[in-house]
Amino acid sequence: MKIKIQDFEIVTLGDHAIVFSLAAKMDTKIVQKITALSAFVKSKNIHGILDVIPSYHTLTIIYSITKFLHKNKSVIEQVVEFSNTILNDFNNESTNIKTTQNTIIKVPVCYDPIFGIDLENLSNAKNISAQEIVSIHSAIIYEVYSIGFLPGFTYMGIVDEKIQTPRHDKPRMNVIAGSVGIAGLQTGIYPCNSPGGWQIIGRTPWNIFNKSENILAKFKVGDLVQFYAIDKIEFDKMNEHNL
Amino acid sequence: MSIKIIKKGLSDSIQDNGRYGYQHVGIQPAGYMDFISAWLANKILGNDLNNPVFELHFPTSEFLFKSDYTICITGANFVPVINEKSVELFKPIQVNKNDMLTMLQPIEGRTCYVAIKGELKDYSWLESDSFSKQIILKDQEFIFSENDNTQSYVSNINKILIEDVQKLVFDHNSPIRIIPGPVWPQLTNSSLTGLLKNTFTITSQANRMGFNLMGTKLNLTIENNFLSSAVTRGTLQLLPNGDIIVLMADHQTIGGYANIGQIILVDLPRFAQFKNGQSFHFELTDLENANQLYRNIYEKFQH
């Protein structure tokens, strides 16, 4: 099933999910609209909705068949009706809600080569000094476009063209928690030790994913993030990782 | 007061209906692979359908009961034995203190469930008892509330439900039904034909995260490179080499490969019971039918 309502394209994902999508690109306006719709759907506490998952240009709603849908009524009709209602209400009510400018989350990163294990190669490949890579990387205010792959793994963009670089052909067996990497036009943070292919340029002392039920992930989709450089001594002082 | 794992199986865990509500921070839902067999085990014991159960794969763990319990085994038949005496599936079983449960041989199916009459204590994370990579086992001992009565438990389950579930979950011949996914229209014509006409086989690359399939290689009319969006259990992802992986309970929350289709929920337990090497066909169905079929089985468990 595929329908179009306003600038959203709506498709069903199997028999227990609905996807709202905008134009498929990494774009501030698009991710902000997806984030706003996500918050709106959640605020409605709709019976039978299990998960609301924003990612880049899509918002996916996972539902319980027996709780979300009414019996003896066409599923497609119900999905169309739901989509129409939610998008109309979103349009009407969101104009009343003042769009709050997100505060920028300032994230400390130690770009020391002991953590930034790909920094030297990147510097050679791009013919840009390591120091300059650091200042380019920490100059931009990034937007969180998606969270996933691992609990809390944060996909941010858009990285300055001068330091964009593809993933390693062969992923590393173990990238350390807190590692900050680049993959194409995205930059991201590893929440825990994991295999991974991103080009690692530094490490944050922050623990960005915590199991505690009232903490969990440090970032959410739509957040604004800027990195700032710290040295190894500051890193050790701020280090939240279990050593 | 507890059930102790004295020898750890290859891939055993505790599961319930899953941990929903946290996929936006990247926490996968997990949950029963074959939810119908798991529900059945709980239903036979008069538990909540969502009660946490042991989910076992062969070779399984060995269990030591440190007090009296009533248990029920459903799903795959791995020839369960208690103190070396064989026991029946689909029946309440009384176990006594110091009894040992083990499984000898994988005869049918892939995933076996052991439900315990009682409540699992001190284990829940984010409102679910399902294992996930974020839960690291401190020990191998699980505390279930004890039987409050010494009489052996008589199940009031309708025998027809047990038969219906068996027929549904261990039917290896009927096709696995799918609904087209967002990238379905971009499959080439020959890929569409191949997907719906040819057989696919479960490879040895199959676990709780996903089942890699072997079969006709499929192609898209566009590049297989998408901005990641949410996936769900049953998603058919097309890998760049033309093979399909079907995402299962422990799937990642988002994926960037082509989402070509979805196995319908009601067929996932049957699919989850396929062993490595099992061949099958896909068949196209629609949303209305998928929802009705799921509702039918769900309602059978409600009374």
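This is a short chat about the contact between chain A and chain B, and about one residue of chain B, in a predicted model.

Me: How many residues does each chain give to the contact?
Reply: Chain A gives 43 residues and chain B gives 38 residues.

Me: What area is buried between them?
Reply: About 3,600 Å². Carbon and sulfur atoms give 63% of that.

Me: Which residues in chain A lose the most area to chain B?
Reply: Leu13(A), Asp15(A) and Thr66(A). Together they make up 15% of what that side buries.

Me: How many salt bridges cross the interface?
Reply: The rule finds 1. Lys71(A) pairs with Glu299(B), and the closest N and O atoms are 3.2 Å apart.

Me: And how many residue pairs are in polar contact?
Reply: The count between chain A and chain B is 16.

Me: Which elements of chain A give two or more residues to that side?
Reply: Among them are β2 (8-12), β5 (58-63), α3 (75-94) and β4 (49-55). The largest share, 6 residues, comes from β4(A).

Me: How do the residues on that side of chain A divide?
Reply: Into 22 nonpolar, 13 polar and 8 charged.

Me: New topic. Where does Val81(B) lie?
Reply: In strand β6 of chain B, residues 80-82.

Me: Is Val81(B) buried or exposed?
Reply: Val81(B) is buried, because its relative accessible area is 5%, and buried means under 20%.

Me: What is Val81(B) in contact with, leaving aside neighbours within four places in sequence?
Reply: Ser86(B), Val87(B), Met100(B), Leu101(B), Thr102(B) and Leu104(B).

Me: How many residues apart in sequence are Val81(B) and Thr102(B)?
Reply: They are 21 residues apart in sequence. In space they are 5.5 Å apart, C-alpha to C-alpha.

Technical notes
Residues numbered from 1 in each chain as written. Chains lettered and ligands numbered in written order. Predicted model: local features only at pLDDT ≥ 70, side-chain atom pairs only at ≥ 80, totals over all residues. Heavy atoms only, no water. Contact = heavy atoms within 4.5 Å. Buried area = accessible area lost by both parts, 1.4 Å probe. Salt bridge = Lys/Arg side-chain N within 4 Å of Asp/Glu carboxyl O. Polar contact = N/O pair within 3.5 Å; in protein donor to acceptor, adjacent residues only side chain to side chain. Helix = DSSP H or I, 4+ residues; strand = E, 2+ residues; numbered from the N terminus. Nonpolar A, V, L, I, M, F, W, Y, C, P; charged D, E, K, R; others polar. Buried < 20%, exposed > 50% of the residue type's maximum accessible area, 1.4 Å probe, protein only.
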